[in-house]
Amino acid sequence: MHKSRLAEPLLGLPSPMSFSIWWNGGSILGLLLGLQILTGLFLSMHYTADMTNTFASVIHIMRDVPAGWLFRNLHANGASLFFLFLYMHMGRGLYYQSYITQPHTWMVGVTIFLASGGTAFLGYVLPWGQMSLWGATVITNLVSAVPYLGTYIVEWIWGGFSVGQSTLNRFYSLHFILPFLVGALSGLHILFLHEKGSTNPLGEMNHVSKVPFHPYYTWKDIVGFVIVLAMLVLLGFFFPTLLGDPENFNHASPMVTPVHIQPEWYFLFAYAILRSIPSKLGGVVALVASMTILYFLPLSALYGKIVPASFTPPYQVCFWVLVVSFLLLTWLGACPIEEPYATLAIPVSIMYFLSFVLLTGMPAIWSKLLE
């Protein structure tokens, strides 16, 4: 009886009956986050954060630890699936203008995205392969672009004059702690969401008819869970290295630089923007802006009455231009730094940022035209 009373506010939550499959993203992300924490916890029991033994400890997990290969494959590919559904979830929020109807939920969501990105970067360093070492070196070196204090901050992050033992120790600690911060932020995200309720596919909050969350959407979420777990099993059992970099099968060596240094696929769009600007400081600013620009989207509400995206064709065009820009930048980030890729990244980066500017102002402009 007591348990049912605790669950009643969630299970009996009035939800719009017009939800589409795009509203499954939040629950799927919760499932994947739980799996990441669980598999990471088991991996940490056999991992050694020691420069001389780290790479060997990963091999030990894969070869000797019972089911170690399974936990590592699920953890590595689970990160990719997490970001895939995170981008889809954010895309749904962008399309249906959740940043206007639920600004607090949106701001916390963007913070979750940035915290998840930091966690993923730290985790990419831990296997201590070639791409782990050099990826960490390149990305942390970007901080040196900060005027006056940049070099000192980089040395403070490294714990020395290069990426080494101290860096590995602190990255391991932070990678273990940050997922719990992401979990706490996710709880806050849900709290803000339930304060107003979810946006419906028309992009507004005035729901004419609602149904209880259970059993209608619990069953829908379970179907989503089954599909995602099937995808994860397919990757973990049959294509475990599909989304990884072959360079990371080599032990980290500061004496040998990989031919093409690149981050994981979910950061390639920001990496392409960074490379498209000749100035180091300008590139770092653009890289940071490519993600933090999401914080400024709720400013759209300052323009007054907003027409939902479903009734704003120009907004829909801008949204799909942004999606195409993101996909092109992801592809360009994986391409070598040579022509025509280097030149092509410049107009695509401009198109990416311009799309956000138009998304912010377009609903208000369209509402004025309709008056």
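Okay, let's start at asparagine 24, which is buried, with a relative accessible area of 6%. Before I go on, keep in mind that this is a predicted model. Asparagine 24 sits in a loop, the one that joins strand 1 (14-16) to helix 2 (25-44). So what does asparagine 24 touch, once we set aside its neighbours within four places in sequence? It's in contact with Lys220, Asp221 and Gly224. Take glycine 224: it is 200 residues away from asparagine 24 along the chain, but the two C-alpha atoms are separated by 6.7 Å.

Now the histidines. The UniProt entry, which is unreviewed, carries a "binding site" annotation that covers His75 and His175. Why do we say that these two gather at one spot? They span 101 residues in sequence, yet their C-alpha atoms are no more than 12.8 Å apart, so they come together in one place. Both His75 and His175 also belong to the lining of the largest pocket.

Let's take them one by one. Histidine 75 is in helix 4, which runs over residues 68-95. Is histidine 75 buried or exposed? Buried: its relative accessible area is 17%, and the cut-off for buried is under 20%. Not counting residues up to four places away in sequence, histidine 75 touches Gln36, Thr39, Gly40, Leu43 and His175. So there's its partner, right in the contact list.

Histidine 175 is in helix 9, residues 165-196. It counts as buried as well, at 18% relative accessibility. Leaving aside neighbours within four places in sequence, histidine 175 is in contact with His75, and also with Thr119, Leu122, Gly123 and Leu126.

There's a second histidine pair. The "binding site" annotation in the unreviewed UniProt entry also covers His89 and His189. These two span 101 residues in sequence, and their C-alpha atoms are no more than 13.0 Å apart, so they gather at one spot. Which pocket do they line? His89 and His189 are both in the lining of the second largest pocket.

Histidine 89 lies in helix 4, and histidine 189 lies in helix 9. On burial, histidine 89 has a relative accessible area of 18% and is buried. Histidine 189 is buried too, with a relative accessible area of 18%. As for contacts, again without the neighbours within four places in sequence, histidine 89 meets Gly25, Gly26, Leu29 and His189. Histidine 189, on the same terms, is in contact with His89, Thr105, Val108, Gly109 and Ile112.

On to helix packing. Two packed helices are described by the angle between their axes and the distance between the axes. Here I'd like you to look at helix 11 (residues 268-275) and helix 13 (residues 313-334), whose axes come within 7 Å and cross at roughly 70 degrees. How do we class that crossing: parallel or perpendicular? Angles of 65 to 115 degrees count as roughly perpendicular, so helix 11 is roughly perpendicular to helix 13.

Who does the touching? On the helix 11 side you have Leu268, Phe269, Tyr271, Ala272, Ile273 and Arg275. They meet Phe326, Leu329, Thr330, Leu332, Gly333 and Ala334 in helix 13. By class, this contact has 9 nonpolar, 2 polar and 1 charged residues.

Last, some backbone details. The peptide bond from glutamate 339 to proline 340 is cis, with omega near 5 degrees. Where is proline 340? It's in the loop between helix 13 and helix 14 (341-370).

Then there are a couple of positive phi values. Glutamine 97 isn't a glycine, but it has a positive phi of about 55 degrees. It's found in the loop between helix 4 and helix 5 (98-101), and at 2% relative accessibility it counts as buried. Tryptophan 128, which isn't a glycine either, has a positive phi of about 60 degrees. You'll find tryptophan 128 in the loop between helix 6 (103-125) and helix 7 (130-141), and it is buried, with a relative accessible area of 2%.

If you take one thing back to the bench, look at the two histidine pairs: His75 and His175 in the lining of the largest pocket, and His89 and His189 in the lining of the second largest.

Key: Residues are numbered from 1 along each chain as its sequence is written. This is a predicted model: local features need pLDDT of at least 70, side-chain atom pairs count only at pLDDT 80 or more; totals for chains, interfaces and linings use all residues. Side-chain values use heavy atoms; hydrogens and water are left out. Helices (H or I, at least four residues) and strands (E, at least two) are DSSP runs, numbered from the N terminus. Buried means under 20% relative accessible area, exposed over 50%, partly exposed in between (1.4 Å probe, protein chains only). Contact means heavy atoms within 4.5 Å. Axes are lines fitted to C-alpha atoms, for helices over the stretch in contact, and angles run from 0 to 180 degrees between N-to-C directions. Angles under 35 degrees count as roughly parallel, over 145 as roughly antiparallel, 65 to 115 as roughly perpendicular and the rest as oblique. Ala, Val, Leu, Ile, Met, Phe, Trp, Tyr, Cys and Pro count as nonpolar, Asp, Glu, Lys and Arg as charged, and the others, Gly among them, as polar. UniProt positions are given in the numbering used here, feature names are shortened, and annotations may be inferred rather than shown by experiment. On a 1 Å grid over the protein atoms alone, a cavity is a set of points where a 1.4 Å probe fits but cannot get out, and a pocket is an open set with protein on both sides within 12 Å along at least five of seven lines; lining residues have an atom within 4 Å of a point.
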